[in-house]
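Open the model in your viewer and keep the selection tool at hand. We will go from stop to stop, and at each one you will find out what to pick and what is there.

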Amino acid sequence: MGIHGLAKLIADHAPGAIKEQDIKNYFGRKIAIDASMCIYQFLIAVRQDGNVLQNEDGETTSHLMGMFYRTIRMLENGIKPVYVFDGKPPQLKSSELEKRGERRAEAEKLLAKAQELGEQENIDKFSKRLVKVTKQHNDECKKLLTLMGVPYIEAPCEAEASCAALVKGGKVFATATEDMDGLTFGTNVLLRHLTASEAKKLPVQEFHYNRILQDIGLTNEQFIDLCILLGCDYCGTIKGIGPKRAIDLIRQHGSIEEILENIDPNLSSVAYKAVDMPQET
């Protein structure tokens, strides 16, 4: 899901931290790529006549077609991709996963109703909501990448965290993903639209983490607290706090703990508790 509204907040408060680039500018660069995000996009978008691509045995091939052609496109532009696959979800994410399960169950009911009424637009909409990246999808893509000679890594936990660790360790230049979590994990450079820039005719957005902290005027710890206030997958949110108020409160009080004490003393003793983002090694 990412961090709610973070991209717009950065564009509003630290526009100098965002650069627009052409995909050709990454010639010779090693880029860590969130594999699960890519596979999900393929399952949603790579279709024929409104249906998921399948082989003659009825097996879904959308993820393989998408992975193959997108990787070829990057290689043709001189990019050296390193795909990173999600590992076991952290315990902190269990609440969010439960909510996703509830949303899937609701989507199944709405899909059945749409099919009964023959509402094709709603059938397509609710079918997409039920798309889920499975272990089989991941394993098939790993086999394809092996045959193509393209490296991949299995993260112990969140892919974005391992991507950030590769960037911070100097192993790759940047993290490529559509979610903004990579910045929260501390990746120095985050690329959006890299993997879809040519298909959608979009420039690559390059976010520079240190410049973001400098221009907004936050420490790393304060930035993480800001992301928690905006809304993430790891903990609850505080009612009535949107992007504008979140950044004002962080600047004024410096931390979530101080914010809780000052906006409502009772909040500091309730179930909501500020947490650190899980780290990868």
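Start by selecting isoleucine 212, which has a relative accessible area of 0% and therefore counts as buried (buried means under 20% relative accessible area, exposed over 50%, partly exposed in between, with a 1.4 Å probe and protein chains only). Isoleucine 212 sits in helix H9. Helices (H or I, at least four residues) and strands (E, at least two) are DSSP runs, numbered from the N terminus. Now add proline 15 to the selection: proline 15 and isoleucine 212 are 197 residues apart in sequence, yet their C-alpha atoms are 8.4 Å apart in space.

A word on what you are looking at: this is a predicted model, in which local features need pLDDT of at least 70 and side-chain atom pairs count only at pLDDT 80 or more, while totals for chains, interfaces and linings use all residues. Residues are numbered from 1 along each chain as its sequence is written, and side-chain values use heavy atoms, with hydrogens and water left out.

**The nonpolar core**

In soluble globular proteins, nonpolar side chains tend to be buried together. Which residues touch the most other members of the largest nonpolar core here? Select Ile10 and Leu183, which hold that place among its 35 residues. A nonpolar core is a set of buried Ala, Val, Leu, Ile, Met, Phe, Trp, Tyr and Cys residues joined through side-chain atoms within 4.5 Å. Next, colour helix H1 (6-13), helix H9 (209-216), helix H10 (220-230), helix H11 (243-253) and helix H12 (256-263), since each supplies at least two residues of this core. H10 gives the most, with 7 residues.

**The sheet, strand by strand**

Now show the strands. You will find an open sheet of 7 strands in the order E1-E9-E8-E7-E2-E5-E6, with mixed pairing. Two strands pair if DSSP finds at least two bridges between them. At the edges are strand E1 (18-21) and strand E6 (152-154), each of which pairs on one side only. Neighbouring strands of this sheet are turned by 25° against each other on average, direction ignored (axes are lines fitted to C-alpha atoms, for helices over the stretch in contact, and angles run from 0 to 180 degrees between N-to-C directions).

Walk along the sheet from E1. E1 and E9 run antiparallel and are joined by 4 bridges; lysine 19 has glutamate 206 in E9 as its bridge partner. Is strand E9 (residues 204-208) largely enclosed or open? Of its 5 residues, 4 are buried, so E9 is largely enclosed by the rest of the structure. On to strand E8 (residues 189-192), which is joined to E9 by 4 bridges in an antiparallel run. Arginine 192 is paired there with glutamine 205 in E9.

Further along, select strand E2 (residues 30-34) and strand E7 (residues 174-176), which run parallel with 3 bridges between them. Isoleucine 33 stands opposite alanine 176 in E7. E2 also runs parallel to E5, with 5 bridges, and lysine 30 stands opposite lysine 80 in E5. Strand E5 (residues 80-85) is mostly covered, with 5 of its 6 residues buried. Finish at E6, which pairs with E5 in the parallel sense over 3 bridges; look for phenylalanine 85 opposite glutamate 154 in E6.

**A surface stop**

Select lysine 171, in the loop between helix H7 (159-168) and E7. With 57% relative accessibility, lysine 171 counts as exposed. Its C-alpha atom is 9.0 Å from that of isoleucine 31, although the two residues are 140 residues apart along the chain.

**The largest cavity**

How many cavities of 30 Å³ or more does a search of the whole structure find? There are 2, and the largest has a volume of about 50 Å³. On a 1 Å grid over the protein atoms alone, a cavity is a set of points where a 1.4 Å probe fits but cannot get out, and lining residues have an atom within 4 Å of a point. Grid points are joined across faces, edges and corners, and a volume is the space filled by probe spheres set on the points.

To see the lining of the largest cavity, select residues including Asp34, Met37, Gln41, Thr177, Leu191 and His193. Helix H2 (35-45) and E8 each supply at least two residues of this lining, and H2 gives the most, with 3 residues.

End on histidine 193, in the loop between E8 and E9. Histidine 193 counts as buried at 19% relative accessibility, and its phi is near 70°, a positive value in a residue other than glycine.

Definitions and conventions
1 Å grid on protein atoms, 1.4 Å probe; cavity = no way out; pocket = protein on both sides within 12 Å on 5 of 7 lines; lining within 4 Å.
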